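User: I want a close look at one helix end, then at the helices around the fold. Keep it brisk.

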Amino acid sequence: MTGSDVTREGPEGERPGREAAPEILRGGPDGGKPGRGAGQRGRRRGKGRRGGRGEQLMAPPAEFQSYYGRPVIKAPAWRARDIAGYFFLGGLAGAGSVLAAGAHATGRTTTATAMKISSLAAVSLSTAALVNDLGRPDRFANMLRVLKPTSPMSVGSWLLAAYGPAAGAAAACAVTGWLPRAGAAATGAAALLGPAVATYTAVLAADTAVPAWHGAHRELPYLFAASATAAASGMALVVGPVRETAPARCAAVLAAVADSAVHQAAEERLGMVAETYRTGRAGKLLRTARALTALGAAGGALFGGRARPLAAASGLALLAGSACTRFGIFAAGIASAEDPKYTVVPQRAAKEARRTTPAPSVERTQPT
């Protein structure tokens, strides 16, 4: 027998120090010494772990920085005059075809003819702006060699290729009076393609890595639709007789309300990236756009049906407001791409939110 023995007088030969030490385990007087108690060890583990998942943090969280303040992503090389103008003119053409079809169907022939001509001119100028930005006309033709449903640029090119002839045929038949049935069919085709022509540029911009555009991918198509409707309503107030402008005046009010609501929703969801929509050149343009759109819609609703000069002035304000919206959104996107913090900080915040959000529990299905 080695170690301690148990005799009639009790245990003999027991070695001290091998008995349990409940004070140490409970963090008692001896356990309270630095580096020796269980409580101290527990606090040390809690300080070095992240989220209780056992992951040891070996380095402090990195601070935001970039190489010499250079942008993390490459800003689009698009020219504002060409691409922002292309956005505006495409919206004016597409929404104008919808108003033209409505005027054609309700017998407002003067407004219908004027809007068809306006849409043809707008889509022609927008195509010219796109070709000018591409550099050579054959580059636009090359975009039509294939149709890629997953590419907004490819789909948009085919939309323009289909919409342009329809808008041209509708305008030609309306001006000449030839082939009225063919003209009605072309008017309907242009109206069907018009909403897509007016909004696909929003999808095109949101499909990029530009933070201000990609972050607002949910709201941007609705904002472009509202802006296009405001522009087309303004054009109808400018070119149509007063007695035929009732639908355009209603559309202008709806567009102004939708523009303001969608713009506010986008800024609330964008977080810090929304600064690019409030400051600098983009902030000035967008504030001017909202003021002009509201002024034009109110003027058209109150005075557009009474006096021709007031209706035309309201229409011009709506057109200018829509143009400022497109140029302001373009400027916000460029500003967000040039400042690296708008790329890095939201990505880190999203990653941290995904890490701290508990994973959804998987419900087990019982076999039947």
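Which residue follows α4, and is its phi positive or negative?

Analyst: Gly135 follows α4, and its phi is positive, near 105°. The model is predicted: local features need pLDDT of at least 70, side-chain atom pairs pLDDT 80 or more, while totals for chains, interfaces and linings use all residues. Residues are numbered from 1 along each chain as its sequence is written, and side-chain values use heavy atoms, without hydrogens or water.

Helix α4 (a DSSP run of H or I, at least four residues, numbered from the N terminus) covers residues 109–134. Its 26 residues reach 38 Å from first C-alpha to last, close to the 38 Å expected (1.5 Å times one less than the number of residues).

Helix α9, residues 220–239, reaches 28 Å with 20 residues, close to the 28 Å expected. Of these, 14 are buried (under 20% relative accessible area, 1.4 Å probe, protein chains only), so α9 is largely enclosed by the rest of the structure.

Next, the packed pairs. α6 (152–176) and α7 (180–206) cross at roughly 150°, axes (lines fitted to C-alpha atoms over the stretch in contact; angles 0 to 180 degrees between N-to-C directions) within 8 Å. They are therefore roughly antiparallel (over 145 degrees). Their contact has 21 nonpolar, four polar and no charged residues.

α10 (246–270) packs on α12 (280–303) at about 155°, axes 8 Å apart. That makes α10 roughly antiparallel to α12. Contacts (heavy atoms within 4.5 Å) involve residues including Arg249, Asp259 and His263 in α10 and Arg290 and Thr293 in α12. By class, this contact has six nonpolar, three polar and four charged residues.

Terms used. Helix = DSSP H or I, 4+ residues; strand = E, 2+ residues; numbered from the N terminus. Parallel < 35°, antiparallel > 145°, perpendicular 65-115°, else oblique. Nonpolar A, V, L, I, M, F, W, Y, C, P; charged D, E, K, R; others polar. Buried < 20%, exposed > 50% of the residue type's maximum accessible area, 1.4 Å probe, protein only.
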